[in-house]
Amino acid sequence: MFIRYISFLRMIIRKIIVRSVFGFGILLNPKLKFIDVNWFKENIKKSEKLAIVAPGFSLSELTKDEINDFENGDIFFLNYAFLNKIIKSSNYLMEPHENISIYANLLKNISNEKKNIFIKGYASPSRILLTLRTIRSLSHQNHNLYLMDEVYGQDFVNNNSHIDVYEKYYKTSNEQNSFLIYGTSVGYLISLAYIAGYKECNFVGFDFSDRYIYCIDPINYLDYKSVLCAEHGAPEEIVHTNTLDKDTLKFLSWNKQYFISKDKKIKFHRCRGELSKI
């Protein structure tokens, strides 16, 4: 009982932090909006299918029919996936990071079409200043900027297991949840797919080179290493900072089966490495 009370108290404190970040953030960037999943369903969701795109080498192997199929649904780019020239999307998911100025500069070089940029991973006292810096760095961009209502999994369920957290989260989603569980970007968007009512969730461009998602030696028009390091002076390690560890792979496998049990689908399209085995 005491542990449950502590978890609830932590959740309340984080919600106060989230709203404080938004309050300061809107002073830095008047375009900033605080939204929840219900708002997303009413204003962003246009399809029953969601594609989650990472900038892997396998993007080059997609057929025109596959690309058209994805673009007829909703698409989210992870981090630097917006640099690819194969698939188009207006929805970007990003997490506050030290190289946000590089990210912001790269956004200037893409289409003038207005994009939707969703910021995750800000509901922590240690990330307040970094989040505000991120919001300020994007203040001169002609894009929509959103903070999605989120909570930490440990606050929602007093358990470190991804699967236990999300199982309870999914089971109560129709009753009370309009927020997302903060975790990996992959888990974040999977939960969005489930809570927002998508029937199909497609993973595209998730490749491994050693333990990294992003291919270290991609083809020319996916040469993120060159774009980020040579042209913008970014540290080489940021090109492949995202990883999928064994726990996350187990989590993805569990999600695939859970989606099937609810008449939903998760598909991994031409993904290389461990994801191809799920």
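Where does Ser-178 lie? In this predicted model, Ser-178 belongs to the loop that runs between helix 7 and strand 8 (180–182). With a relative accessible area of 15%, Ser-178 counts as buried, because the cut-off for that class is under 20%. Leaving aside residues up to four places away in sequence, Ser-178 touches Asp-36, Val-37 and Asn-38.

**Overall make-up**

The secondary structure of the chain comes to 10 helices and 10 strands, and buried residues account for 55% of its 278 residues. When contacts between residues at least 6 apart in sequence are taken together, 75% of them join residues at least 24 apart.

**The sheet**

Eight of the strands are arranged in an open sheet, with parallel pairing and the order 1-6-5-4-3-2-9-10. Strand 1 (32–35) and strand 10 (265–269) stand at the edges with a single partner strand each, so one side of each has no neighbour in the sheet. From one strand to the next, the twist averages 25°. As general background, the strands of a sheet pair through backbone hydrogen bonds, in either a parallel or an antiparallel sense.

Strand 9 (residues 200–204) and strand 10 pair in the parallel sense over 5 bridges, and in this part of the sheet Cys-201 stands opposite Ile-266 of strand 10. Strand 2 and strand 3 also run parallel, joined by 4 bridges, with Phe-76 of strand 3 as the bridge partner of Ile-52.

Strand 3 is mostly covered, since 5 of its 5 residues are buried. In a regular strand the side chains alternate between the two faces of the sheet. Both faces of strand 3 are covered, with Asp-74, Phe-76 and Leu-78 buried on one side and Ile-75 and Phe-77 buried on the other.

**Helices against the strands**

Helix 3 (residues 64–71) lies across strand 2 (49–53), strand 3 (74–78), strand 9 and strand 10, and its direction makes an angle of about 100° with strand 3. Helix 10 (residues 246–261) lies across strand 9 and strand 10, running at about 135° to strand 10.

The loop between helix 10 and strand 10 holds Asp-263, which has a positive phi of about 60° although it is not a glycine. Most residues other than glycine have a negative phi. Asp-263 is exposed, with a relative accessible area of 69%.

Helix 8 (residues 185–195) is mostly covered, with 11 of its 11 residues buried; among them are Tyr-188, Leu-189, Ile-190, Leu-192 and Tyr-194. Helix 8 is followed by Gly-197, whose phi is positive, near 85°.

**Nonpolar cores**

The largest nonpolar core has 44 residues, and those with the most contacts inside it are Phe-40, Phe-118, Tyr-170, Phe-203 and Phe-206. Helix 8 supplies the largest share of this core, 8 residues. A second, separate core has 35 residues, including Val-21, Leu-32, Tyr-103 and Leu-107.

**Aromatic rings and charges over them**

The count of aromatic pairs comes to 18. One of them joins Tyr-170 and Phe-259 in an edge-to-face arrangement, at 6.4 Å centre to centre and with 75° between the planes. Tyr-170 lies in helix 7 (residues 162–171) and Phe-259 in helix 10, so this pair ties together parts that are 89 residues apart in sequence. Both Tyr-170 and Phe-259 are buried. These two residues also belong to one aromatic cluster, formed by Tyr-166, Tyr-170, Tyr-194, Phe-251, Trp-254, Tyr-258 and Phe-259.

Two tyrosines of helix 8 also appear in the table below, which lists lysines that lie over the face of a ring.

| Lysine | Ring | Distance from the ring centre |
|---|---|---|
| Lys-120 | Tyr-188 | 5.9 Å |
| Lys-264 | Tyr-194 | 5.2 Å |

Tyr-194 thus has several roles in this description: it is a buried residue of helix 8, a member of the aromatic cluster, and the ring over whose face Lys-264 lies. Tyr-170 likewise recurs, as one of the residues with the most contacts inside the largest nonpolar core and as the partner of Phe-259 in the edge-to-face pair.

How values were computed: Residues numbered from 1 in each chain as written. Predicted model: local features only at pLDDT ≥ 70, side-chain atom pairs only at ≥ 80, totals over all residues. Heavy atoms only, no water. Pairing = 2+ DSSP bridges. Axes fitted to C-alpha atoms, helices over the stretch in contact; angles between N-to-C directions. Contact = heavy atoms within 4.5 Å. Buried < 20%, exposed > 50% of the residue type's maximum accessible area, 1.4 Å probe, protein only. Phe/Tyr/Trp six-rings, centres within 6.5 Å; stacked < 30°, edge-to-face > 60°. Lys NZ or Arg CZ within 6 Å of the ring centre and 35° of its normal. Core = buried A, V, L, I, M, F, W, Y, C linked by side-chain atoms within 4.5 Å.
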